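Let's take a walk through a protein together. Have a look at the picture first, and then we'll go through it piece by piece.

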Amino acid sequence: MTDARSLRDTDFTVWLAGLRSWAGKCIDGDSTWRQAASQGLLSLAAPESAGGTGAGYEAACLALEAFAEESGLSGMPFAMAAQMWACQEPLAEFSTPNQRERYLAPLLAGTAVGAFAATEYDSGSDLLSLRSRAARGLDGRWRLSGAKTFVTNGPVADIFLILARTTEGSALSGLTAFLVHRDAPGLHIGKEIDKAGLAGAHLGSLHLDDCVADDADVLGGPGGGFAVLMHAMRYERAFILAPALGLMSRALRRAVEHARARSQFGRPLSSYDTIRQRLVRMYLSLTSAREMLYATARKADGNTLDHGRSSLTKLHVSTEFNRFCQELPDVYGGYALLPETAAVALTADAVASRYYSGTSDMQMKIIAEGLGL
Ligand SMILES: Cc1cc2nc3c(=O)[nH]c(=O)nc-3n(C[C@H](O)[C@H](O)[C@H](O)COP(=O)(O)OP(=O)(O)OC[C@H]3O[C@@H](n4cnc5c(N)ncnc54)[C@H](O)[C@@H]3O)c2cc1C
């Protein structure tokens, strides 16, 4: 196992090979999250000025992909990616030195887990209609009230980035982002949401009952919540599916092995054109998804990532992920239902990818607007 310090001095390729070798042996659990962080996985995209290693977005995506591919874990790399793009990324952009120390540093080090809480029961795609509110009390401290749902890492997080309305009218200036610690008075963490797919990722709800926050806990200043949200979404939409590329690679490799090893009618499955074409279509989907995501990562590394490109990437990678999973079970037949093939589990992950970070319909809407429609 390498560590985060050595990453600064080591060739990234060598570091990545070390990560792959470690990930091939790791198991699902809190210690794995911490070990991945101590090797530097969570701090790759953060600039050195914010306490990261400054390796960049392409490097971070390669590491998330490799971690998922070698470990076969689905939920943990997804949850890490959610923290990296929706919590760390806006913290690196908007935080004060004090907030970097208190909130960003422990997230990068893996000693704390982060969660981004924007969605509400009545505000999913229509996020800007959110109703959680924050107002100053007579003591000058903020009090947050309302409820959040579908919060990735919610049940286990130590640090929450919560979006609430601070003034009526336009969301452009009426939303504020608050950093709230798990033990803050008035923060109640709901029980874990039972779900299909993304096994090992913990989703939950939050109840804000006069939850207390100080000015020092406001990220991006009062009224700066929309900018924080947009920044988080620009990176989350672009890169949340990096781990899925690794899971697709793993699934393709195994499906090819199965098609070569299993015979029916006296011939290997791999000799039948229907099976061969399925595997070729899966390879095409994976290649096309990968190429787009990494081209987008290079744009981010060159500081030219815009919202339209992020939405295009999210839409394309999730669409190809779903195409891939339409083919995968049919390589296995009845064996697709056995957990060791992971075919059904991966299909559930693909379905989820059409919804988180904004649904495919919403990405289409953003892209259409960018086209002037
Ligand atoms: C696995 C997972 C993790 C998540 N993690 C987080 C998290 O960490 N933090 C967080 O804040 N949120 C999180 N979410 C919430 C996610 O952002 C929402 O699920 C998503 O924005 C969609 O909202 P909704 O589920 O309420 O669907 P709805 O908004 O109810 O949409 C239902 C359907 O209607 C369509 N639709 C809605 N409006 C329109 C329209 N105007 N035109 C056309 N079609 C429309 C949608 O595209 C969708 O197909 C997560 C969700 C999932 C599934």
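How far apart should the ends of helix α11 (residues 307-332) be, at 1.5 Å a residue? The 26 residues of α11 should span 38 Å, and the end C-alpha atoms are 39 Å apart, so the two values agree. Keep in mind that you're looking at a predicted model.

You can try that ruler again on helix α4 (residues 57-71). With 15 residues at 1.5 Å each step, α4 should span 21 Å, and its end C-alpha atoms are indeed 21 Å apart. Now check its surroundings: 14 of the 15 residues of α4 are buried, so this helix is largely enclosed by the rest of the structure.

What comes after these two helices? Just after α4 sits Gly-72, with a positive phi of about 75°. Following α11 you'll find Gly-333, and its phi is positive as well, near 60°.

Glycines aren't the end of that story. Asn-303 is not a glycine, yet it has a positive phi of about 65°. You'll spot Asn-303 in the loop between α10 (273-301) and α11. It counts as exposed because it has 6 C-beta neighbours inside 10 Å, and the cut-off for exposed is 12 or fewer. Phe-265, also something other than glycine, has a positive phi near 55°. Its home is the loop between β9 (263-264) and β10 (267-268). Phe-265 has 7 C-beta neighbours inside 10 Å, so it counts as exposed too.

Time to zoom out. Overall, the secondary structure comes to 13 helices and 10 strands. The radius of gyration is 21 Å, close to the 21 Å that the globule rule gives for 373 residues, so the protein is as compact as a globular protein of that length. Along the principal axes, the C-alpha atoms fill a box of roughly 80 × 45 × 40 Å. Of the 373 residues, 46% count as buried. And if you take contacts between residues at least 6 apart in sequence, 73% of them join residues at least 24 apart.

The chain is divided into domain 1 (4-72), domain 2 (115-223) and domain 3 (241-370). The C-alpha centres of domain 2 and domain 3 lie 32 Å apart, and 5 residues of domain 2 are in contact with 7 residues of domain 3. On the domain 2 side of that meeting place, there are 3 nonpolar, 2 polar and no charged residues.

So where does the ligand sit? Domain 2 and domain 3 both give residues to the shell around the ligand, so it lies between them. That shell has 19 residues, the closest being Gly-124, Ser-125, Thr-152, Thr-359 and Asp-361. The elements that give two or more residues to the shell are β1 (114-117), β3 (142-152) and α13. Of these, β3 gives the most, with 3 residues. By class, the shell has 12 nonpolar, 6 polar and 1 charged residues.

Last stop: Gly-358, in the loop between α12 (343-353) and α13 (360-370). Is Gly-358 buried or exposed? Gly-358 has 20 other C-beta atoms within 10 Å, and 20 or more is what it takes, so it is buried. Leaving out residues up to four places away in sequence, Gly-358 touches Met-233, Arg-237 and Gln-363. Gln-264, on the other hand, is 94 residues from Gly-358 in sequence and 43 Å away in space, C-alpha to C-alpha.

Conventions. Residues numbered from 1 in each chain as written. Predicted model: local features only at pLDDT ≥ 70, side-chain atom pairs only at ≥ 80, totals over all residues. Helix = DSSP H or I, 4+ residues; strand = E, 2+ residues; numbered from the N terminus. Contact = placed C-beta atoms within 7 Å. Expected span 1.5 Å × (residues − 1). Rg over C-alpha atoms; globule rule 2.2 N^0.38 Å. Near = placed C-beta within 6 Å. Nonpolar A, V, L, I, M, F, W, Y, C, P; charged D, E, K, R; others polar. Domains from an automatic or database assignment.
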